[in-house]
Amino acid sequence: MSSCQEYFIDSQPELPPTLYIDALDEYTVVAASPSRIVFNISSNTPWKIETDSQWCIPEPAMSASSSLVAEIVITPEDNETEYSRTAT
């Protein structure tokens, strides 16, 4: 008779997902030569940023598998129209 025993040690306690973002609720940028927007994300779970506009794309837009802390940079494109625009 032979026996098999599984050894499993989990030294990492399961924590609830946390996400900290130091971004402002809202940013206003000038139409011509807008400044970059920079903020940080710190999380213990993977994350992804989605936008509804093509003129302000965040980089990176998702967490890397090796790091859940990142500096996010948004470089808005010039607004060549006379209309205001918003992005979420």
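**Strands, core and pocket**

Modeller: Strand 1 (19-21) and strand 2 each bring at least two residues to the lining of the largest pocket. The model is predicted, with local features needing pLDDT of at least 70 and side-chain atom pairs counting only at pLDDT 80 or more, while totals for chains, interfaces and linings use all residues. Residues are numbered from 1 along each chain as its sequence is written, and side-chain values use heavy atoms, with hydrogens and water left out.

Colleague: What makes a stretch of residues a strand or a helix?

Modeller: Both are DSSP runs, numbered from the N terminus: a strand is a run of E with at least two residues, and a helix is a run of H or I with at least four. By that rule the protein has zero helices and four strands, in the pattern β-β-β-β along the sequence.

Colleague: How do you know which strands pair?

Modeller: Two strands pair if DSSP finds at least two bridges between them. Strand 1 and strand 2 are antiparallel and joined by three bridges, one of them setting Ile 21 against Ile 41 in strand 2. Six bridges join strand 2 to strand 4, again antiparallel; Phe 39 has Ile 72 as its partner in strand 4, and Asn 40 has Glu 71. Strand 3 (residues 58-59) pairs antiparallel with strand 4 over two bridges, and Pro 58 stands opposite Ile 74. Two bridges are what the rule asks for, so strand 3 and strand 4 count as a pair.

Colleague: In what order do the strands lie, and which are called edge strands?

Modeller: The four strands form an open antiparallel sheet in the order 1-2-4-3. Strand 1 and strand 3 are the edge strands, as each pairs on one side only.

Colleague: What makes a group of residues a nonpolar core?

Modeller: A nonpolar core is a set of buried Ala, Val, Leu, Ile, Met, Phe, Trp, Tyr and Cys residues joined through side-chain atoms within 4.5 Å. Buried means under 20% relative accessible area, exposed over 50%, and partly exposed in between (1.4 Å probe, protein chains only). The largest core has nine residues: Ile 37, Phe 39, Ile 41, Trp 47, Trp 55, Cys 56, Ala 70, Ile 72 and Ile 74. Strand 2 (37-43) and strand 4 (69-74) each supply at least two of them. Of the 88 residues of the protein, 19% count as buried.

Colleague: Which residues does Ala 70 contact?

Modeller: A contact means heavy atoms within 4.5 Å. Neighbours within four places in sequence aside, Ala 70 is in contact with Phe 39, Asn 40, Ile 41, Trp 47 and Pro 60. Pro 60 is in the loop between strand 3 and strand 4, and the peptide bond leading to Pro 60 from Glu 59 is cis, with omega near -10 degrees.

Colleague: Why is Ser 33 called exposed, and Asp 22 partly exposed?

Modeller: Ser 33 has a relative accessible area of 58%, which is over 50%, so Ser 33 is exposed. Asp 22 stands at 36%, which falls between the two cut-offs, and therefore counts as partly exposed. Both Ser 33 and Asp 22 are in the loop between strand 1 and strand 2. Asp 22 touches Phe 39 and Asn 40, with residues up to four places away not counted.

Colleague: What is phi of Ser 33?

Modeller: Phi of Ser 33 is near 55 degrees, a positive value in a residue other than glycine. Most residues other than glycine have a negative phi.

Colleague: What makes a space a pocket rather than a cavity?

Modeller: On a 1 Å grid over the protein atoms alone, a cavity is a set of points where a 1.4 Å probe fits but cannot get out, whereas a pocket is an open set with protein on both sides within 12 Å along at least five of seven lines; lining residues have an atom within 4 Å of a point. The largest pocket has a volume of about 710 Å³, where volume is the space filled by probe spheres set on the points, and points are joined across faces, edges and corners. Of its 26 lining residues, Tyr 27, Ile 37, Ile 74, Ala 87 and Thr 88 are the closest to its centre. Strand 2 gives the most to this lining, with three residues.
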